[in-house]
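Welcome, and thanks for taking a look at this protein with us. Please keep the sequence and the 3D view side by side as you read the notes below.

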Amino acid sequence: MKKLTISKMAQLRGLSVDTLRHYDKIGLFKPSEVDPKTGYRYYSILQYEVLGTIKELRQIGMPIKEIKAFMSNRNVEQSLHLLKKSIADIESQIIELKKISSILNQRVSHIEQFKDTYREANIVLKKFKKREYILLPRIVNMDDEETSSYGFIELEKKVKGTIPILASNRFGDILTKDYLNQVRHTSSAINIPNSEMFIIVEGDAVDQNIKTFEEGTFICSYYRGFDPQKRFECLKSLIDYCDDQGWDIIGDALHIIQIDITITDQVEEACYEIQIPVNP
């Protein structure tokens, strides 16, 4: 019977030579003959279907260990059981992938909607329904990127997301009404005092200490880049606008990361939104 070289067998089955060498090494698929002098591996065409079965099992995600067990003791009942299990595993993966697809579509929709919000004006009124959130159990200096990064990680662990939740407009910190009054009466930038970080909950909390931002009307604007001066100017413009309109500020402001560095490495593209509750 004609002998097939390792490269020929690999070519016939659309695999790499390195893959066949690995399968031989772990005892999954061994050549029919090895030249004792050269160490060259040779295969038989009769092994073609066996290799095809291994390839198909790998394509459906079966671990090598399970393939080895199956290949060492194949029969109809075992094959039927394997196929049913594979179908169940694939259907489970489909459900998970659909969840991920839904989350990613929501994020795309959010980014596009946020970009459209400020096309015609830098200051807009928005109405929000109740929003549940979880607070970090300590105050944080948001101008310290290292400290705030650890805060984000800790908050992310308080929800059971399918995929990481960065780029999801759920992180932020609270700017107290007292701080807003300080901004109102100064013309130069002042640092934000250590503030409370939060994460918006979307039915995925594992932490039970859930609080609520009440529904209402918020005067909103945004600034680009991680820049305290721009943040101050944005906040100052909102407060001045409220004063000019005679609107009462009725609570703490929310400072929310809308577009962050997970979706752009251009600092100036990162967007932060300030939302101040008002009684217009």
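A good place to start is β12, where Tyr 272 is the bridge partner of Ile 257. That pair belongs to a set of five bridges joining β11 to strand β12 (residues 271–279), and the two strands run antiparallel. Please bear in mind that this is a predicted model. From here, the briefing follows the strands around β11, then turns to the other sheet, a helix pair, the overall form and two single residues.

**Strand β11 and its neighbours**

- Strand β11 covers residues 253–259, and seven of its seven residues are buried, so the strand is largely enclosed by the rest of the structure.
- Besides its bridges to β12, β11 pairs with β6 in the antiparallel sense, over four bridges.
- One place to find the β6 pairing in the viewer is Leu 175, whose bridge partner in β11 is Ala 253.

**Strand β6, covered on both faces**

- How many residues of β6 are buried? Five of the five are, so β6 is largely enclosed by the rest of the structure.
- The side chains can be sorted by face: Phe 171, Asp 173 and Leu 175 lie on one side, while Gly 172 and Ile 174 lie on the other.
- Both of these faces are covered, and the five residues named are all buried.
- Strand β6 (residues 171–175) is also joined to β7 by four bridges, with the two strands running antiparallel.
- Two residues of β6 help you trace this pairing: the partner of Gly 172 in β7 is Phe 198, and the partner of Asp 173 in β7 is Met 197.

**Strand β7 and its link to β5**

- Strand β7 spans residues 195–200; five of its six residues are buried, so this strand too is largely enclosed by the rest of the structure.
- In addition to its bridges with β6, β7 is joined by five bridges to strand β5 (residues 131–140), again in an antiparallel arrangement.
- To locate the β5 pairing, look for Val 140, whose bridge partner in β7 is Ser 195.

**The three-stranded open sheet**

- In which order do the three strands of the open sheet come? The order is β1-β3-β2, and the pairing is antiparallel.
- The edge strands are β1 (4–5) and β2 (33–34), each of which pairs on one side only.
- Two bridges connect β1 with strand β3 (residues 41–43), and these strands run antiparallel.
- One of the partner pairs here is Leu 4 with Tyr 43, the latter being in β3.

**Helices α3 and α4**

- Helix α3 (residues 48–59) and helix α4 (residues 64–71) have axes that come within 10 Å and cross at roughly 145 degrees.
- The crossing of α3 and α4 is right-handed.
- On the α3 side, the residues that meet α4 are Val 50, Thr 53, Ile 54, Leu 57 and Arg 58.
- Their counterparts in α4 are Ile 64, Ile 67, Phe 70 and Met 71.
- Sorted by class, the contact of α3 with α4 has seven nonpolar residues, one polar and one charged.

**The protein as a whole**

- The secondary structure comes to eight helices and 12 strands.
- The protein has a radius of gyration of 30 Å, whereas a compact globule of 280 residues would have one near 19 Å.
- Taken along the principal axes, the C-alpha atoms fill a box of roughly 95 × 40 × 35 Å.
- Buried residues make up 38% of the 280 residues.
- Among contacts between residues at least 6 apart in sequence, 71% join residues at least 24 apart.

**Two residues to look up**

- Ser 101 sits in helix α5 (residues 76–117).
- Is Ser 101 buried or exposed? Its relative accessibility is 37%, so Ser 101 counts as partly exposed.
- From C-alpha to C-alpha, Ser 101 and Leu 238 are 36 Å apart in space, and they are 137 residues apart in sequence.
- Glu 156 is found in helix α6, which runs over residues 145–156.
- Glu 156 counts as partly exposed because its relative accessibility is 25%.
- Glu 156 and Lys 126 are 30 residues apart in sequence, and their C-alpha atoms are 26 Å apart in space.

Conventions
Residues numbered from 1 in each chain as written. Predicted model: local features only at pLDDT ≥ 70, side-chain atom pairs only at ≥ 80, totals over all residues. Heavy atoms only, no water. Pairing = 2+ DSSP bridges. Buried < 20%, exposed > 50% of the residue type's maximum accessible area, 1.4 Å probe, protein only. Axes fitted to C-alpha atoms, helices over the stretch in contact; angles between N-to-C directions. Left-handed = near helix turned anticlockwise from the far one by under 90°. Contact = heavy atoms within 4.5 Å. Nonpolar A, V, L, I, M, F, W, Y, C, P; charged D, E, K, R; others polar. Rg over C-alpha atoms; globule rule 2.2 N^0.38 Å.
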